[in-house]
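Visitor: I am new to this structure and would like a close look at a single part of it. Please take me slowly through the salt bridges.

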Amino acid sequence: YLINLGTSWWLQNYFLHVRRARAAYGVRYIPFIHDLIPIMTPEHCVKRLTQDFISWASGVFAHADRYLTNSEASKRDFLAVAKRLNAQVDPDDVHVVRLDADFRKPAAEAPMAESLARYGLTEHGFVLFVSTIESRKNHLAAFAAWIELARKRGVETLPTLVCVGNRGWLNDAVFTKAASDPVLREKVMMISGVSDPDLANLYRACRFTLYPSLYEGWGLPVTESLCYGKAALLSDSSSLPEAGGDHVVYFPVGDQEALVRELDRLMFDDAWRAEIETKARTFR
């Protein structure tokens, strides 16, 4: 068996080598499908990526004997894409292997004070948003919520929104907005290249975490947040209800009023936030 737990859509002539292995050794090919983002949400990807991904998906359908994927949502999307591409896939051949994991054991540890000082942060003085910086992750909705809450509550009362992640696709609007609005210049921090020990401390020290993504295959930052027992606010999109279960707070994807309302409650209602943290600590 050749079980590919990573990705292969970017490897030239990948399926040629799979065919050769099958012919020479009778190898059975089983890919792990992490998501169908370039096909399901092409508006959040560059055109060439979507084209390459469709070509790769066609190769998967032509060569795979079984399939692994990370969520029931990804399985549904995979079967929908198979239908769109006229591929015959038995749903019983698609097996879900969830990405639950324990992130609380970094290879090395850093003192909390050093991590916070490195970024000029204070304990419980910030909300943590971990993701690649790209349109699909919905930073603009988070920014709009901070602007609205600053109008409602006063900018000085708000925690800082700390966005941790490297640049992805189609993010010009995110950085332009962050730089142009006075509230965001004061209350949003965009950082990348954060070490695992520092990230662990950011999770431990944040007031709560935010993940308003428009589409996911799983949502590893949700798992990370729960591992640290932090309250989390998520959209209810795609796989996120599987990742968060009943341990987190949700808002309907695309409902800006609900996002602002739930952010306000988690920011300023300490008893409510503690109740959600208690739920988070039951995560296994």
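Guide: What follows is a walk through the salt bridges, pair by pair.

This is a predicted model, in which local features need pLDDT of at least 70 and side-chain atom pairs count only at pLDDT 80 or more, while totals for chains, interfaces and linings use all residues. Residues are numbered from 1 along each chain as its sequence is written, and side-chain values use heavy atoms, with hydrogens and water left out.

Side chains of opposite charge can pair when their charged atoms come close. Here a salt bridge is a side-chain nitrogen of Lys or Arg within 4 Å of a carboxyl oxygen of Asp or Glu, and the structure holds 11 salt bridges.

One of them joins the side chains of Asp65 and Arg22, at 2.9 Å from N to O. This pair links distant parts of the chain, since Asp65 sits in the loop between α3 (47-63) and β3 (67-69) and Arg22 in helix α1, 43 residues apart; helices (H or I, at least four residues) and strands (E, at least two) are DSSP runs, numbered from the N terminus. To describe how open each partner is, buried means under 20% relative accessible area, exposed over 50%, and partly exposed in between, with a 1.4 Å probe and protein chains only. Asp65 counts as partly exposed because its relative accessibility is 24%, and Arg22 is also partly exposed, at 31%.

Another salt bridge brings together the side chains of Asp93 and Arg66, at 3.3 Å from N to O. This pair too links distant parts of the chain, with Asp93 in the loop between α4 (72-84) and β4 (94-96), Arg66 in the loop between α3 and β3, and their positions 27 residues apart. Arg66 has 40% relative accessibility and therefore counts as partly exposed.

A further salt bridge is formed by Asp198 with Arg118, whose closest N and O atoms are 2.7 Å apart. Asp198 lies in helix α9 (residues 196-205) and Arg118 in helix α5 (residues 112-119), so this pair ties together parts that are 80 residues apart in sequence. Which of these two partners is buried, you may wonder? Asp198 counts as buried because its relative accessibility is 3%, whereas Arg118, with a relative accessible area of 47%, is partly exposed.

Finally, salt bridges can also share partners, and in this way Glu134, Arg136, Lys137 and Glu216 are joined into one network.
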